[in-house]
Amino acid sequence: MSQQVQGVVAPGKNEAVRVETIVIPDPGPGEAVVKIQACGVCHTDLHYKQGGINDDYPFLLGHEASGIVESVGDGVTDVAPGDFVILNWRAVCGSCRACLRGRPWYCFNTHNAKRKMTLTDGTELSPALGIGAFAEKTLVAAGQCTKVDPSVSPAVAGLLGCGVMAGIGAAINTGNVGRGDSVAVIGCGGVGDAAIVGSRLAGAARIIAVDIDDRKLATAKTMGATHTVNSRSNDAVEAIRELTGGFGADVVIEAVGRPETYEQAFYARDLAGTVVLVGVPTPEMKLELPLLDVFGRGGSLKSSWYGDCLPSRDFPMLIDLHQQGRIDLGAFVTETIGLGDVEKAFARMHEGDVLRSVVTL
Ligand code: APR
Ligand code: ZN
Ligand code: ZN
C-alpha cells in the first residue's frame, strides 16, 4: 500500500521549489522506505533546481540525509525497520570492474533507487542523486542505507551523506594526508572546512587555509587551520610556499572549482606533493599549463569524488569520532529549518555566512 507524505519538489527550470504531497510506494525487493529525520541543503540541490544537472523535472530534492528505516522489501538483510541510517548516493554494486579490483569508490554501476515516487497525479519524480530526502519519507535502495550509532544528532549524521564526507574524504582517503604533513586547503566553504577537519584528524602539522573572504578564514581557524591566507590580497602560491619552508605543501586540496584555484593548487604543492581536486568546475572551464611544468613537477594530481569514501567503513568511523569529541561535526550545522524553508536556504548560500542549513523533521 502506498502512502502520501510531504516533500520539496523542483517543478521546472529555475522555478521556486515548493512543498507538495508525494506518493511513496511500498519497498520492492532490495528497497527500503526511510523516515527522514534530517537533510542538509547542498549546492547540488540548487544545481538540480537550476537545470545544471539534467532536465528530468520534477525533481524531489535533498540528498544529505539521515533517518530511520520504516520498512524493507524482500531480500533486504543488512538493514531492518528501526535502524538509524545515513543515506548515500553511491551504493556500490560489488561486481563491476572497479569493485572487483578492490576500488569500489570508482564503482560505475551504483545501485541507487529506481524512480518510483510520484506526485498525486501520477507524475514520476526524479529523486536528487537517487535519494530525494527533503521529504517526510523516501524510497531508496537498501544498499544506500548505512547503519550508524543512533545516539548521534540526526542533523550531524546527515551531513556525512554528502559535503562533509566529500571534504574529510578528500584529505584522509584521496590525499592520504599523513602525520606531520603540510596541507593547504583552497576554498573554505563547507567542503574545504571538512577537508581541514580531515587533515587535522590525519595528523597534519600545518594546515594552511586559503580563501578570498576573511569571515571564511576565521571559521577555518576554528576548524583546525593553523595558518590563513587571504588570496584576494596575497599571492596564494607564494604565501603557501613561504609557510612551507619554500617548498610547497605536501597535499593541496582545491575546494572551489575554478581555473585560477586549480592553477594555484597545481603550483602550490611540493615537487613530490599531491593535488586533490574536490571543487567541481563547469563544463566550459579550461586550464592551460606549460607542459614542461606538468612534466617537470612530480607528485600526483587526483580528483576526489564523494571523498573516495566507503560508506560502510567511513560513516560509522566518523560518527564514532564525533561522539568521542575528537572531531566536531556539529560545527557544520549553521541552522535547522523546516521543509518550507529550502528556497530561503538556497538564497542564504550566496550570503556567505552559512556552512549548512539542515532541514529537520
Ligand atoms: N579563491 C579562494 N577561495 C575562493 C575563491 C577563490 N578564487 N572563490 C571562492 N572561494 C571560496 C568562497 O569564499 C567560499 O568560502 O570558496 C568557498 C566555496 O564554498 P561554498 O560556496 O560554501 O562551497 P562548498 O559547499 O564548500 O563546495 C565547494 O566543492 O564539492 C564541491 O561542488 C562543490 O565545487 C564546490 C566545492
Ligand atoms: Zn561496482
Ligand atoms: Zn551534495
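Two strands pair if DSSP finds at least two bridges between them. Strands (E, at least two residues) and helices (H or I, at least four) are DSSP runs, numbered from the N terminus.

The model is predicted: local features need pLDDT of at least 70, side-chain atom pairs count only at pLDDT 80 or more, and totals for chains, interfaces and linings use all residues. Residues are numbered from 1 along each chain as its sequence is written, chains are lettered from A and ligands numbered from 1 in the order in which they are written, and side-chain values use heavy atoms, with hydrogens and water left out.

**Exercise 1. Identify strands that pair with β3, and state how enclosed β3 is.**

Step 1. With β5 (residues 65-72), β3 forms seven bridges in the antiparallel sense. Within this pairing, Ser 71 of β5 lies opposite Val 33.

Step 2. Strand β9 (residues 137-141) is joined to β3 by five bridges, and the two run antiparallel. Here Val 33 has Leu 139 as its bridge partner, and Glu 31 faces Ala 141.

Step 3. Three bridges, again antiparallel, link β3 to β18 (residues 357-360). Val 358 of β18 is the bridge partner of Gly 40.

Step 4. Burial is judged by relative accessible area: under 20% is buried, over 50% exposed, and partly exposed in between (1.4 Å probe, protein chains only). Eight of the ten residues of β3 are buried, so the strand is largely enclosed by the rest of the structure.

**Exercise 2. Determine whether the faces of β9 are covered or open.**

Step 1. In a regular strand the side chains alternate between the two faces of the sheet.

Step 2. On one side of β9 stand Lys 137, Leu 139 and Ala 141, and on the other Thr 138 and Val 140; all are buried, and both faces are thus covered.

Step 3. Because five of the five residues of β9 are buried, this strand is largely enclosed by the rest of the structure.

**Exercise 3. Describe the packing of helix α1.**

Step 1. Helix α1 (residues 43-50) packs on α11 (residues 342-349) at about 110 degrees, with the axes 10 Å apart. Axes are lines fitted to C-alpha atoms, for helices over the stretch in contact, and angles run from 0 to 180 degrees between N-to-C directions.

Step 2. The helices α1 and α11 are therefore roughly perpendicular (65 to 115 degrees; under 35 is roughly parallel, over 145 roughly antiparallel, and the rest oblique).

Step 3. Contact (heavy atoms within 4.5 Å) involves His 43, Asp 45, Leu 46 and Lys 49 of α1, together with Glu 343, Phe 346 and Met 349 of α11.

Step 4. The buried residues of α1 are Thr 44, Asp 45, Leu 46, Tyr 48 and Lys 49. They pack against β1 (3-10), β3 (31-40), β4 (59-60) and α11.

Step 5. Just after α1, Gly 51 adopts a positive phi of about 85 degrees.

**Exercise 4. Give the strand order of the open sheet that contains β1, and name its edges.**

Step 1. The five strands follow the order β7-β2-β1-β4-β8, with mixed pairing.

Step 2. Strands β7 (118-119) and β8 (126-127) form the edges, each pairing on one side only.

Step 3. At one edge, β7 runs antiparallel to β2 (residues 18-24) and is joined to that strand by two bridges. Thr 118 of β7 is the bridge partner of Val 23.
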